[in-house]
Each structure stands twice: as C-alpha cells, then as structure tokens.
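I opened this notebook to record, entry by entry, what I looked up in the structure. I began with backbone angles and went on to charge pairs, the surface, the pocket and a few distances.

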Amino acid sequence: MPHSFGYRARTRHMFKRGFKEHGPVKLSTFLINYHVGDIVDIKANAAQQKGMPHKYYHGRTGIVYNVTPSAVGVIVYKVKRVNLRVEHVRHSKCRQEFLDRVKANHDAHAAAKEKGERINLRRIPAQPRESHVVSTKENTPQTMTPVPYETTI
C-alpha cells in the first residue's frame, strides 16, 4: 500500500522521459505558436518542474482559452481550467483525420459538380464480404495432423 500522498505521488512511470529523450527541453518546443481555440494534449515533461500539471490531467485533451508568453490556459473537458507551461502541452492530432476528410469531400464535391452529377460523401461502414463458392475439383481437401514432439537432446 502506498504511504505518501504528495502532489507527484505514484507518478514514477507516468512522468518519466522517453527513450533517448532525456536532458533539457528542445528549443523548438518554445517556437510553437498556440492560439485561443486550439486543441492541445497535456503531457507532462519531467525536465521542467515549473508549470507542470497534476497527474490527473496527464494525457487529457483540452482547448486553449488563454495564451501568455511562457504558458497557456487550457479548459479540460467538464473539469476545470488549468494553466500550464508550453513544455507540457502539444497540438492534438485528434481532429486531423476529420480535417483531411472535410478537404477530400470538398474536392470530390467540386469535381462532381463540375461534371454535373451527384456523389455520396457519407462514410459507409465496412460491408460483409461477397459470397463465393469454393470448388473441390482441383483443390482436394487435405487432412492435417499435428507433428509429434521430438527432442534432439
């Protein structure tokens, strides 16, 4: 049973740096621009203890509501607003598939409108495979038996 209940209790593996990612924070981290409304993922970086999120917020996604020179304010869904340094946030890729699909749909719609035809842009779930008959004329059934275990010692 754990006996400490500190702010970073039971975060030994959660906050550790990745393989070959030890050392100071890369300067490119500070050059990323954040704007109000951006969707960001919260991932604590153990190299910077200032402005680190509580372990509850590690791995959560939120929306930026405030931007300061060294930190961003993030609204975490249905919880609260947290202020974090930029080392502990990164742009989320959760909407990338959606944005790609919107762009592809727009291009397909424009091409279909140019040809004067209608096109279905909705996603269709994977359908069952077509039925087919397996012929045994040139594909005779084979009886398979397991190979007996042999020791070579």
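**Entry 1: backbone angles**

I looked up Lys20 and found that, at 71% relative accessibility, this residue counts as exposed. I note at the outset that the model is a predicted one. Lys20 belongs to the segment before β1, and its phi is near 60°, a positive value in a residue other than glycine.

I then turned to Arg10, which is placed in the segment before β1, the strand that covers 39–42. Arg10 is not a glycine, yet its phi is positive, at about 60°. With a relative accessibility of 49%, Arg10 counts as partly exposed, because the class of exposed residues begins over 50%.

**Entry 2: charge pairs**

How many salt bridges does the count come to? I obtained two salt bridges, taking a nitrogen-to-oxygen limit of 4 Å. As background I wrote down that side chains of opposite charge can pair when their charged atoms come close.

One of the two salt bridges joins Glu87 to Arg85, and the closest N and O atoms of this pair are 3.5 Å apart. I checked the accessibility of each partner: Glu87 is buried, with a relative accessible area of 5%, whereas Arg85 counts as partly exposed at 23%. The value for Arg85 falls in the partly exposed class because buried means under 20%.

In the other pair, the side chains of Glu97 and Arg101 meet in a salt bridge with an N to O distance of 3.4 Å. Both residues of this pair lie in helix α1, where Glu97 and Arg101 are four residues apart, about one turn of the helix. I looked up Arg101 as well and recorded a relative accessible area of 22%, so this residue is partly exposed.

**Entry 3: helix α1 and its nonpolar patch**

Which residues make the nonpolar surface patch? I found Phe98, Leu99 and Val102, which together give a patch of about 230 Å². Val102 lies in helix α1, which spans residues 96–115. The relative accessible area of Val102 is 41%, which makes this residue partly exposed; the patch rule asks for over 30%, so Val102 meets that condition.

I next asked how far Val102 is from Leu121 in sequence and in space. The two are 19 residues apart along the chain, and their C-alpha atoms are 9.6 Å apart.

Ala108 is also placed in helix α1, and this residue is partly exposed, with a relative accessible area of 26%. From Ala108 to Leu121 I recorded a sequence separation of 13 residues and a C-alpha to C-alpha distance of 8.0 Å.

**Entry 4: the largest pocket**

I went on to the space left between the atoms, with the general point in mind that rolling a probe the size of a water molecule over the atoms shows where empty space is left. The largest pocket has a volume of about 450 Å³. Its lining consists of 24 residues, and those nearest the centre are Arg17, Glu21, Asn45, Glu87 and Arg90. I sorted the lining by residue type and arrived at 10 nonpolar, seven polar and seven charged residues.

Glu87 appears here for a second time in my notes, since this residue of the pocket lining is also the salt-bridge partner of Arg85.

**Entry 5: two prolines**

Is Pro53 buried or exposed? I found that Pro53 counts as buried, at 3% relative accessibility, and that its place is in the loop between β1 and β2, the latter being residues 61–67. The C-alpha atoms of Pro53 and Thr152 are separated by 58 Å, and the two residues stand 99 residues apart along the chain.

Pro141, by contrast, counts as exposed, at 71% relative accessibility, and is found in the segment after α1. I took Asn120 as the reference for Pro141: the two are 21 residues apart in sequence, and the C-alpha to C-alpha distance is 44 Å.

How values were computed
Residues numbered from 1 in each chain as written. Predicted model: local features only at pLDDT ≥ 70, side-chain atom pairs only at ≥ 80, totals over all residues. Heavy atoms only, no water. Buried < 20%, exposed > 50% of the residue type's maximum accessible area, 1.4 Å probe, protein only. 1 Å grid on protein atoms, 1.4 Å probe; cavity = no way out; pocket = protein on both sides within 12 Å on 5 of 7 lines; lining within 4 Å. Points joined across faces, edges and corners; volume = space filled by probe spheres on them. Nonpolar A, V, L, I, M, F, W, Y, C, P; charged D, E, K, R; others polar. Patch = residues over 30% accessible without salt bridge, like charges linked within 9 Å, V, L, I, M, F, W, Y side chains within 5 Å. Areas by Shrake-Rupley, 256 points an atom, 1.4 Å probe, with all protein chains shown as cover.
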